[in-house]
Amino acid sequence: MSEDLAKSLTALGFAVVDTGGGCTAWRIALPRHGYLLITDGEGGASHDIDNPQACTIGIYDEQSECVCITGGALEPPTFACPRCQRTAHLYVIVTAEARLWEDKDSNLQTEVEGDHDWDDHAPMRCGCCEFSGEAQQFKTAKEAT
Ligand SMILES: [Zn+2]
């Protein structure tokens with residue numbers, strides 16, 4: 001990101017914070033409760049804003065629940081964290097078929113082959129705020145319709 005933008009945000013009182021899971025953001029406390037985060041426009045995982053016109057701005061209450069979020073991707077995402085609304089560090093547990101065999105020392109060996117699968121009930125986790133639940137809880141209004 002440009003040095004000028006970093007200087008401007010710092011002058012306004014924003015500070016770079018680690019929001020967990022390797023995610024960073026520009027944070028400023030709101031006058032009464034909560035805080036505002038500004039991040040990049042590609043899933044909101046980084047404070048490193050390449051394009052200020054496409055940054056993500058989120059407002060969070062004192063429990064770190066997202067009140068509203070804007071900016072970022074032109075197309076709304078299909079999956080987003082229901083807690084922090086970020087999309088960049090979602091993880092899902094998949095089911096994969098693996099070949100199983102027993103070697104000459106009787107150790108069981110597995111090797112994943114072919115495809116893997118997951119559905120609405122697969123455990124999903126947000127690496128940014130550590131929210132976890134079923135995949136269907138992460139579906140946005142876009143996917144639900
Ligand atoms: Zn989250």
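Mentor: pLDDT is the predictor's confidence in each residue, on a scale from 0 to 100. Keep it in mind, as this is a predicted model.

Trainee: In which element of the protein is confidence lowest?
Mentor: The mean pLDDT of the protein is 88, and 93% of its residues reach 70 or more. At the top end, β10 has a mean of 97. At the bottom end the mean is 66, and the element is helix α2, residues 141–144.

Trainee: How many helices and strands does the protein have?
Mentor: Read the elements from the N terminus: α-β-β-β-β-β-β-β-β-β-β-α. An α stands at each end of that run. The secondary structure comes to 2 helices and 10 strands.

Trainee: Is the protein more spread out or less spread out than a compact globule?
Mentor: The order of elements is α-β-β-β-β-β-β-β-β-β-β-α. For 145 residues the globule rule gives 15 Å, and the radius of gyration, 19 Å, is well over that, so the protein is more spread out than a compact globule. Along the principal axes, its C-alpha atoms fill a box of roughly 65 × 35 × 30 Å. The verdict against a compact globule: more spread out.

Trainee: What share of the residues is buried?
Mentor: Buried takes 20 or more other C-beta atoms within 10 Å. Helix α1, residues 3–12, is hardly covered, with 1 buried among its 10 residues. Over the 145 residues of the protein, the buried share is 23%.

Trainee: Which residue follows α1, and what is its phi?
Mentor: α1 covers residues 3–12. The residue that follows is Gly 13. Its phi is positive, near 110°.

Trainee: How many residues of strand β7 are buried?
Mentor: β7 runs over residues 95–102 and has 8 residues. It lies largely in the open, because the number buried is 0.

Trainee: Which residue of β8 is the bridge partner of Leu 100?
Mentor: β7 pairs with strand β8, residues 108–117. The sense is antiparallel, over 7 bridges. In β8, Leu 100 has as its bridge partner Thr 110.

Trainee: Which residue in the hairpin of β7 and β8 takes a positive phi?
Mentor: Most residues other than glycine have a negative phi. The hairpin has 5 residues between its strands. The residue in that loop with a positive phi, near 65°, is Ser 106.

Trainee: Is Ser 106 buried or exposed?
Mentor: Ser 106 lies in the loop between β7 and β8. The exposed class needs 12 or fewer C-beta neighbours. Ser 106 has 6 inside 10 Å, so it counts as exposed.

Trainee: How many other C-beta atoms lie within 10 Å of Glu 130?
Mentor: Glu 130 sits in the loop between β9 (123–126) and β10 (132–134). Phi of Glu 130 is positive, near 65°, in a residue other than glycine. Glu 130 is partly exposed, because the count of other C-beta atoms within 10 Å is 13.

Trainee: Which residues does Val 16 contact beyond its neighbours within four places in sequence?
Mentor: Val 16 is in strand β1, residues 15–20. With 14 C-beta neighbours inside 10 Å, Val 16 counts as partly exposed. Its contacts, leaving aside those neighbours in sequence, are Thr 24, Trp 26 and His 47.

Trainee: How far apart in space are Val 16 and Asp 120?
Mentor: In sequence, 104 residues separate Val 16 and Asp 120. In space, C-alpha to C-alpha, the separation is 35 Å.

Definitions and conventions:
Residues numbered from 1 in each chain as written. Predicted model: local features only at pLDDT ≥ 70, side-chain atom pairs only at ≥ 80, totals over all residues. Helix = DSSP H or I, 4+ residues; strand = E, 2+ residues; numbered from the N terminus. Pairing = 2+ DSSP bridges. Contact = placed C-beta atoms within 7 Å. Rg over C-alpha atoms; globule rule 2.2 N^0.38 Å.
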